[in-house]
Amino acid sequence: MSTVEESGTKVAQKLLTGSRMIVEALKEEKVEVIFGYPGGAVLNIYDALYDGGIPHLLTRHEQGAIHAAEGYARVTGRPGVVIATSGPGATNIVTGLADAMIDSLPLVVITGQVNSQVLGSDAFQEAPILGISMPITKHNFQVQDVKELPRIFKEAFHIASTGRPGPVLIDIPKDITATSGIYDYSKDVHLPGYKLQTEPDPQAVKKVAQALKKAEKPVILAGAGVLHSKATNELKELVAKTTIPVANTLLGLGSFPADHPLFLGMAGMHGTYTANMALYQADLIINIGARFDDRLTGNLEEFAKFAKVVHFDIDPSEIGKNVPTDYPVIGDAAKSLQLLLKELPETADTSSWLEQLLQSKEDYPLWYVEDGETFKPQKLVELVHELTKGEAIVTTDVGQHQMWAAQFHGFQKPDRWVTSGGLGTMGFGLPAAIGAQVAEPPSTVVAVLGDAGFQMTLQELAVLKEYKLPVKVVLVNNQSMGMVRQWQQLFYKERYSESLLPNQPDYVKLSDAFGIKAAVVENEAEFRTAFAAALATDEPYLLDCRVTQKENVYPMIAPGKGIQQMEGVKP
């Protein structure tokens with residue numbers, strides 16, 4: 001190691017290979033764990049990791065690695081780090097990149113690439129991951145010179161974790177990782193084209209305060225932006241001072257306590273009647289960190305017909321993208337709410353509005369009908385909440401079980417809910433649970449999975465056993481792709497085309513093959529006993545829960561319908 005004078009300051013510099021630079025950069029960024037899978041193009045990196053001092057978790061597929069990194073990022077708020085090799089290793093992480101991009105999860109993904117000399121020659125395991133990933137990453141790099149590595153890594157972590165979080169990919173030709181150069185990680189990030197607007201405009205916030213003063217039917221729509229900015233306390237203070245009721249988006253669950261009297265539930269396609277009607281009838285919608293996506297709004301022509309719209313968001317591109325906005329506030333959600341709290345005026349009398357909504361909550365609760373014969377999946381979710389006292393981190397795949405978990409679990413705290421919201425990725429839940437458990441070893445992590453999605457990434461059971469991760473897998477087994485089957489029942493005249501899965505593996509024997517305890521559950525009593533046994537052990541556990549096969553998720557907004565046109569609001 002040598003030192004040089006730079007701008008009057010002595011800076012430590014080291015002569016390192018590219019692979020050693022990568023390890024040093026990850027240490028500088030205080031990376032706790034890497035999720036990855038080795039291959040030819042990243043052999044030099046893995047050799048440096050061998051004694052590099054950073055824990056590495058070997059998943060059984062690259063898709064498992066990136067979903068695990070997403071779970072880690074969702075729980076901690078810090079970038080999840082992934083390594084994959086070139087070619088199929090890189091293309092196997094594409095779904096995870098798209099998933100993280102749409103759900104705003106910070107990732108730094110390192111892909112190996114063929115040697116610089118053969119780039120573009122269709123070399124063995126060459127894939128143009130830079131072009132493939134460009135539209136589904138917040139930014140991507142391809143390293144051209146070893147001396148660029150420190151700057152690129154520093155910029156990658158900065159871009160991934162600031163502003164609206166997202167995935168950043170670094171593609172590194174193999175020869176770069178073997179070449180030596182001067183390593184200097186002391187330089188500040190300088191990105192003239194990367195503008196962050198975290199501080200809200202005070203005048204814009206004052207206009208929101210004035211709008212609040214006039215509103216007689218206000219409602220807050222709290223999205224994942226509240227969680228990303230750690231603004232849950234500010235949100236609760238705003239509600240305490242204004243008595244404005246709150247609806248959550250799917251990804252915003254946990255940003256406001258589910259047992260709060262002014263919590264209306266989740267809004268959207270499978271949201272509560274009260275939350276959706278509040279958004280439909282409101283004269284002021286205060287959107288904090290939500291995207292106004294189609295699953296939330298339903299038919300846009302019917303959405304917010306009577307309301308002025310406030311939109312707090314750190315990403316200017318979201319303002320007015322789907323819903324016209326009357327009062328935009330660009331900036332960090334926590335800072336914006338802190339400023340709004342200082343500006344709060346005397347608000348209008350909203351007592352009749354609140355009375356209407358509270359009565360609606362009583363008249364139109366979420367529901368399901370016990371038949372005395374089968375195990376209702378909604379009851380299953382309620383039992384998970386009851387037996388974990390609502391403290392567990394819950395991960396899901398996508399489909400009916402995801403919606404039942406969102407509806408019936410009742411999240412009280414932030415960062416307990418890990419699901420694939422925007423992309424809707426089956427196979428997400430098990431590897432995401434791995435990342436969540438690594439992020440918080442003392443916490444109980446429950447992976448609520450559908451039988452179809454579970455079969456997409458079940459090889460990651462090996463990771464639970466190998467790394468002694470006590471994840472509890474609760475399989476909501478209805479022998480079908482439940483949501484596909486439900487749509488075929490309701491909209492395709494019960495023509496169940498390729499959505500039923502009557503030929504199921506023996507999940508107990510399967511788990512046993514991975515060295516994981518498991519049991520079959522067919523009713524509430526069996527679940528209580530088996531789940532208590534699962535929670536009592538510090539080992540992973542799988543419960544194959546045989547639930548009502550043709551249960552549907554209600555309420556529901558049918559395709560093309562407005563948010564107020566729900567089906568199944570009552571039994």
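**A walk through the cavities, helix contacts and backbone details**

1. Let us start with a hollow: the second largest cavity holds about 30 Å³ of space. The model you are looking at is predicted. Around this second largest cavity you will find L212, A215, P218, T242, I244, T347, A348 and T350 as the lining. Five of the lining residues are nonpolar, three are polar and none is charged.

2. How many cavities of 30 Å³ or more does the structure hold? There are two. The largest cavity has a volume of about 110 Å³. Its lining is made of 13 residues, and R74, L105, L251, W417 and T419 sit closest to the centre of the largest cavity. Helix α3, α10 (224-228) and β17 (417-418) each give at least two residues to this lining. By type, the lining of the largest cavity has seven nonpolar, three polar and three charged residues.

3. Next, a feature to find among the pockets. The second largest pocket has a volume of about 390 Å³. It is lined by 20 residues, and nearest its centre lie L264, G265, T272, L366 and Q407. Which element supplies the largest share of this lining? That is β12, with four residues. Both β12 (263-266) and α17 (400-408) provide at least two lining residues of the second largest pocket. The lining as a whole splits into 11 nonpolar, seven polar and two charged residues.

4. Helix α3, which you met at the largest cavity, also has a helix partner. The axes of α3 (residues 62-76) and α5 (residues 94-102) come within 8 Å and cross at roughly 20 degrees. Angles under 35 degrees count as roughly parallel, and α3 and α5 are therefore roughly parallel to each other. Their crossing is right-handed. On the α3 side, the contact uses Q63, I66, H67 and E70, which meet T95, G96, L97, D99 and A100 of α5. The residues of this contact comprise three nonpolar, four polar and two charged.

5. A second helix pair is worth a look. Helix α16 (residues 377-387) and helix α23 (residues 524-536) have axes that come within 11 Å and cross at roughly 40 degrees. That angle makes α16 oblique to α23. The two helices pass each other in a right-handed crossing. From α16, the contact takes in K379, L380, L383, V384, E386 and L387, while α23 brings E524, F527, R528, F531 and L535. Here the contact residues divide into seven nonpolar, no polar and four charged.

6. Finally, two backbone details in loops. Most residues other than glycine have a negative phi, and most peptide bonds are trans. Where does a cis peptide bond run in this model? It goes from Y554 to P555, with omega near -5 degrees. You can locate P555 in the loop between β21 (541-546) and β22 (556-557). The other detail is F292, which has a positive phi of about 55 degrees although it is not a glycine. F292 belongs to the loop between β13 (284-288) and α13 (294-297).

Key:
Residues numbered from 1 in each chain as written. Predicted model: local features only at pLDDT ≥ 70, side-chain atom pairs only at ≥ 80, totals over all residues. Heavy atoms only, no water. Axes fitted to C-alpha atoms, helices over the stretch in contact; angles between N-to-C directions. Parallel < 35°, antiparallel > 145°, perpendicular 65-115°, else oblique. Left-handed = near helix turned anticlockwise from the far one by under 90°. Contact = heavy atoms within 4.5 Å. Nonpolar A, V, L, I, M, F, W, Y, C, P; charged D, E, K, R; others polar. 1 Å grid on protein atoms, 1.4 Å probe; cavity = no way out; pocket = protein on both sides within 12 Å on 5 of 7 lines; lining within 4 Å. Points joined across faces, edges and corners; volume = space filled by probe spheres on them.
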